[in-house]
Amino acid sequence: MTGQRTAPHPRRTAAICGIGSSLPPRVVSNEELTRQGALQTSDAWIRSRTGIVNRRRAAPGTATGDLATGAGRAALESAGGPPPDLLLLATTTPDRHCPATAPEVAHRLGLSTIPAFDLAAVCSGFVYGVSLATALLLSGACARPLVIAAETYSSIIDPLDRDTAYIFGDGAGAVVLRGADARQPGAVIATDLGSDGSRCDLIAINGGGSRMPLAAQQLTRHDRYFRMRGRDVYAQAVRRMTESSRTALHRAGWTPGTVAAFIGHQANQRILDSVADRLDIAPRHRFGNIRDVANTAAASIPLALADTAAQGLVSPGARTLLTAFGGGLTWGSIALTWPSATPRHHPPHPRPTSEQSPASPHPRKQPWTMSSSTS
């Protein structure tokens, strides 16, 4: 008896089916930052050291949840289809210590009572979030997770700190995932995550937690703001992002030479170039928008993803590598295929002014005004 051999079913995984972003409208240039003279630096120095020319800054009263709601709404609009059944918000700058910001964002997006929680992995938050969402989807715990990364670093940066004041910007990016097979655009093929708590002193806000409460009399200006030991962070970031990228590529069965799109956490252009050089990824395959939005921490990768997709610079299905490094220390990488989703962008969505304000109806039923890409 001869039988027809059945082809193996393509491996099931998660795939990005929606991309969204949200940026505050205010643009702050290097010249504006240096005009006051407090930082004792120049536009030319900042450009040469970081690759940054402009950054966005949230207006007074605009919180991370407002940016997250704008990006989430945009991603839902991009994805279409049924609403998400899980919301994961990666952020270093939640609206408050307690409760988490994610449940309120889910409420404001009209997502009823779905599971929603914050994830704290600093600048690696988006990579951690997509990796976790993929695992939960494959376990059957959810079918359509929404992952948002949102930051208002302007709320934790010391404006007089020459090491950090010009590096960071505010913004949010988001993706929707769904079940798919590995051949489909946007498919997550392999991931790698890591951490090293022995170096938790390199990137930190010392005050405000249980170890050093804000009420403590000994709090200094140094303790109240975000601090970073730049030289040590640079070395760790290049090493960890390079190693993690190689691990993710190995698990995917890819070589660096087959990667058509590389997006790294936009900490600093020199770090991005160093990692890509070590991986031997050609400049034409490197994408990002650090020049226009600066380092937006966890939001930097989805913002670059949205910007690159809006410009149509990468073909759906192209082999793509995402990699990130952040405080903790944490790091991670994802090998995926470039999604076919059309990104959407919304401005920050203000919180209702009254607790009695009605919840926002489902975003796809609203006549939201479309804006341009993040570029």
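Helix α7, residues 230–252, lies across β8, β11, β12 (319–326) and β13, and runs at about 145 degrees to β12. A second helix, α8 (residues 269–279), also packs on the sheet, where it touches β11 and β12. The direction of α8 makes about 140 degrees with that of β11. The model described here is predicted.

**The four-stranded sheet**

The sheet under these helices is open and has 4 strands in the order β8-β13-β12-β11, with mixed pairing. Its edge strands are β8 (188–195) and β11 (261–264), each of which pairs on one side only. From one strand to the next the twist averages 10 degrees. Strands of a sheet pair through backbone hydrogen bonds, either parallel or antiparallel. Between β8 and β13 (residues 330–337) the pairing is antiparallel, with 7 bridges. Within β13, Thr330 stands opposite Ser195.

**The α7/α8 packing**

How do the two helices on the sheet cross? The axes of α7 and α8 come within 9 Å and cross at roughly 40 degrees. That angle makes α7 oblique to α8. The crossing of α7 and α8 is right-handed. On the α7 side the contact is made by Tyr234, Ala237, Val238, Met241, Thr242, Ser245 and Arg246. On the α8 side it is made by Arg270, Ile271, Ser274, Val275, Arg278 and Leu279.

Gln269 also lies in α8. With a relative accessibility of 27%, Gln269 counts as partly exposed, because buried means under 20% and exposed over 50%. Leaving aside residues up to four places away in sequence, Gln269 touches Thr50, Gly51 and Ile290. The C-alpha atoms of Gln269 and Asn295 are separated by 9.6 Å, and the two residues are 26 residues apart along the chain.

**Strand β6 and its partners**

Strand β6 covers residues 145–152, and 8 of its 8 residues are buried, so β6 is largely enclosed by the rest of the structure. Both faces of β6 are covered. Pro145, Val147, Ala149 and Glu151 are buried on one side, and Leu146, Ile148, Ala150 and Thr152 are buried on the other.

Strand β6 is joined by 5 bridges to β4 (residues 86–90), which runs parallel to β6. Here Leu88 has Val147 of β6 as its bridge partner. Another 7 bridges join β6 to β7 (residues 170–181), and these two strands run antiparallel. The bridge partner of Leu146 in β7 is Val176.

The table lists strand pairings described above.

| Strand pair | Direction | Bridges |
|---|---|---|
| β8 and β13 | antiparallel | 7 bridges |
| β4 and β6 | parallel | 5 bridges |
| β6 and β7 | antiparallel | 7 bridges |

**Helix α5**

Helix α5 comprises 15 residues (residues 125–139). At 1.5 Å a residue, α5 should span 21 Å, and its end C-alpha atoms are 21 Å apart, which agrees with that expectation. Which residues of α5 are buried? The buried residues of α5 are Gly125, Phe126, Val127, Tyr128, Gly129, Val130, Ser131, Ala133, Thr134 and Leu137. Gly140 follows α5 and has a positive phi, near 95 degrees.

Terms used:
Residues are numbered from 1 along each chain as its sequence is written. This is a predicted model: local features need pLDDT of at least 70, side-chain atom pairs count only at pLDDT 80 or more; totals for chains, interfaces and linings use all residues. Side-chain values use heavy atoms; hydrogens and water are left out. Two strands pair if DSSP finds at least two bridges between them. Axes are lines fitted to C-alpha atoms, for helices over the stretch in contact, and angles run from 0 to 180 degrees between N-to-C directions. Contact means heavy atoms within 4.5 Å. The expected span of a helix is 1.5 Å times one less than its number of residues. Buried means under 20% relative accessible area, exposed over 50%, partly exposed in between (1.4 Å probe, protein chains only). Angles under 35 degrees count as roughly parallel, over 145 as roughly antiparallel, 65 to 115 as roughly perpendicular and the rest as oblique. A crossing is left-handed if the near helix is turned anticlockwise from the far one by less than a right angle, and right-handed if clockwise.
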